Amino acid sequence: MTSQHNLYFIVTRTPEYHRHVSPGRICYISEAKHRSLTRKSAPAKLPVYLWGSSESWDREIEAGSLEELSAEEAELLQALPDDPERLKWFRGREALQAARGLAVGTAVTVLQGKEWLRGIVRFIGRTPTSPYAAPPPGWFFGIELQGEDRGKGDTDGICQNKTLFPCAKDCGIFAPFTQVRPVVPSSLSPSSPKHSQTGAVAPGDRVTYFFHDKWQHGMVLHVKEEDAEPCVRISTDTNDEVDVPLHTVAPESKGTETPPVEKDTADLSLSSVVEVSLAKGTSYGIIRWIGTLLGCLETMAGLELDEPDGVSDGTFKSERLFHCAPRKALFVKLRSCRPDSRFQSTSAHCSGKMLEADASGQNNTGGDSEHSTGRLGTVPPISTEQVNHILIGRMKGIQGHYNSCYMDAALFSLFSCSSVLDAMLFKPTEPQDSPIQSTLLNDIVNPLRTKGFVEGRHIMKLRQQLQNHGYSKSFTTEEKDPEEFLTVIMQHILALDPLLKLSLGGKVQESYCYQIFLDQNHSLVLPTVQQLLEHSLHNAGLKLAEVPPCFILQMPRFGKKFKMFDRIIPSLELDVTNLLSEGPQQCMLCGDLAQAECTDCFKDPIFSQTGFKIFCQKCLSQVHAHPQRRSHQPVPLDIPKGYLSHGITHTLIRDKLELFAVLCIETSHYVSFIKHGPNSQDWIFFDSMADRQGEKDGFNIPEVHACPEVGTYLEMSPMELANQVPRDMKGVAKRLFCDAYMYLYQSPNMCLYR
């Protein structure tokens, strides 16, 4: 969530005009916008976004109600359960400042129940539940309990099936900063003569140590206690790992430090995806830094590992060399790194694996997998006639890797068979953003459209570039939501004009996605997307200021896990004619020029649940002659000049958007459905991780297959659909009707290649 390009604030008192925003709420504004607002004088109000809000517009809050936070303070406070608690601990800043000084390896005491227990910090960051929480949690501390307090915890370091730090059963605790206090362990204090002679050692230090009756050399991985005896884990110069007592370790004599070398070294360079052999086996990661370290003349590489098997968060001897999550950084000799074999599909070894995984011969991408056609410039989307030849099969689509399904499904949905957002592939960009645009066009979209396959390493490259821009420190590791990724790409990177303009009381609000919200008293049971959109806009008092070229709709949910409806019926078309704030509209009863809208009639059971209730003057009078509707308060429509005198014909062209993709989520895994043609059977289903070849050193197998059964169900009446048992639905149709997360609609007039 936090970004180095944002400024963060905490609300310290109830705002005058947004009284629903409670003190203690965390909010933010981009640095660039803040700089422009404060260039001449301090503004009375700041337009800030509320952290964790599903609404995509800002709120103007008085500057006097805000106090600035660092990004780190914002993450620490966000871990607390509610706003009053955050405000309380913000005002008593001693604990907050102390928490900022904690690092992996720090000895602490942690509150468990009513007892303070001894432990060591092994993890700092968000837990794996963060993609689904609303609002998302901040940073927690993972503590490994020590000594006589071992066994008094409640975790083994595993959260949501992910190992955040290894420890024995019930020897770990996850806690917010309010329950953690730093201490100085007596066994490591300067008063202890046994250890004072060695000097301080820290992860990343080059050291000399006595082992097997001789002095050897290596690098400190971490310092720990074992049976109440301080010991040091060292990565040896022979690529092994050993544990030795602290008193047998001494820092190497300091040499002259040389600056980092930020250029290619042999076949490996910054952002290369690599593997390295450690004592525990093969580890995988990305090169984030290349250079020489203090006390080591050989060229070293700083890796961000896939798993928390490292030693720091990118720091070496307290110097920041790159940014990553705690325990994900490892510094090794560059010559010890090899290209990641999982993505070397041109090598004989990996090619053999892929051929075995696709013995049917469908793994033909029409050439080498390096996408020799990846720089063609303009490549139109895949047409209905080309789908079977280019897209259908195993090892087709976008290859998933390490929590990338949200990005795989979003990119496949937007670019495989649609050109509605192709403008962002070619629009002029800032120099610092052009590499991301180039990766998107040349390494992902063009190969997808020409060969039907994109290797996972290209998606990882895009994730690395986004992370390096500072919008999130976890783009390469954590699962995110499609709307977060799309907003970063469209708004922050490529500066695409907002897709959606909403009118509220004459004021226009801009956004890229629209989250559907419903009131608790809605009467919908088996709704269509059209009905959900209309009810949401009605409840919020919103209208469309103009027809959007691309309409991205998020379905109503309680958080990310819980669906509001068991099933939603896809609307193949969205009729937005009556949802516009301006323009001629037809009376819902007779078809003549409509002159008024009645919001009170919207939920009247005598009318259909679909459509805003707009009337000509004659029908308005007749409808509201009924005693039950005399209290209604219709409002006049904004009719363009000239229409009242000329009337309207029954051939008014209606504004409609067509469905082209649906993203679905089930148990935190995103997949997508694509409507690629005009016929009811023209549907395909994509899963970037449909199968897997091998274990840790293997690779995911993406798959695209036709799903004509979807069209069969869409041709049914609502009554027939209501009688369908989801588990008995054919093929993958159940996932479309039951697990829809995001619908993508396009204007037929806005597609680039039509």
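Arg654 is partly exposed in the predicted model, with a relative accessible area of 28%. This residue forms a salt bridge with Asp575, in which the closest N and O atoms are 2.7 Å apart. Arg654 is located in the loop between α15 (643-646) and β39 (656-666), whereas Asp575 belongs to strand β35 (residues 573-575). The pair thereby links distant parts of the chain, 79 residues apart.

Side chains of opposite charge can pair when their charged atoms come close. In total, the structure holds 23 salt bridges, among them the contact between Asp422 and Arg449, whose closest N and O atoms are 2.7 Å apart. Asp422 lies in the loop between α8 (405-415) and α9 (423-426), and Arg449 in helix α10 (residues 434-451), so this salt bridge ties together parts of the chain that are 27 residues apart in sequence. Both partners fall below the 20% limit for buried residues: Asp422 has a relative accessible area of 0%, and Arg449 has a relative accessibility of 4%.

A further salt bridge joins Asp443 to Lys461, with 3.1 Å between the closest N and O atoms. Here the connection runs from helix α10, which carries Asp443, to helix α11 (residues 456-468), which carries Lys461. The two residues are 18 positions apart, and the pair is again a link between distant parts of the chain. Asp443 is buried, its relative accessible area being 11%, while Lys461 counts as partly exposed at 32% relative accessibility.

Helix packing was examined for α2 and α4. Helix α2 (residues 71-78) packs against helix α4 (residues 93-100) at an angle of about 110°, and the axes of the two helices are 10 Å apart. Because angles of 65 to 115 degrees count as roughly perpendicular, this value makes α2 roughly perpendicular to α4. The crossing of α2 past α4 is right-handed. On the α2 side, the contact is made by Glu72, Glu73, Leu76 and Leu77, which meet Arg93, Leu96, Gln97, Ala99 and Arg100 of α4. Classified by residue type, the contact of α2 with α4 comprises 4 nonpolar, 1 polar and 4 charged residues. Salt bridges also occur among these residues: Glu72 and Glu73, both in α2, are linked with Arg100 of α4 in a network of salt bridges.

How values were computed. Residues are numbered from 1 along each chain as its sequence is written. This is a predicted model: local features need pLDDT of at least 70, side-chain atom pairs count only at pLDDT 80 or more; totals for chains, interfaces and linings use all residues. Side-chain values use heavy atoms; hydrogens and water are left out. Axes are lines fitted to C-alpha atoms, for helices over the stretch in contact, and angles run from 0 to 180 degrees between N-to-C directions. Helices (H or I, at least four residues) and strands (E, at least two) are DSSP runs, numbered from the N terminus. Angles under 35 degrees count as roughly parallel, over 145 as roughly antiparallel, 65 to 115 as roughly perpendicular and the rest as oblique. A crossing is left-handed if the near helix is turned anticlockwise from the far one by less than a right angle, and right-handed if clockwise. Contact means heavy atoms within 4.5 Å. Ala, Val, Leu, Ile, Met, Phe, Trp, Tyr, Cys and Pro count as nonpolar, Asp, Glu, Lys and Arg as charged, and the others, Gly among them, as polar. A salt bridge is a side-chain nitrogen of Lys or Arg within 4 Å of a carboxyl oxygen of Asp or Glu. Buried means under 20% relative accessible area, exposed over 50%, partly exposed in between (1.4 Å probe, protein chains only).
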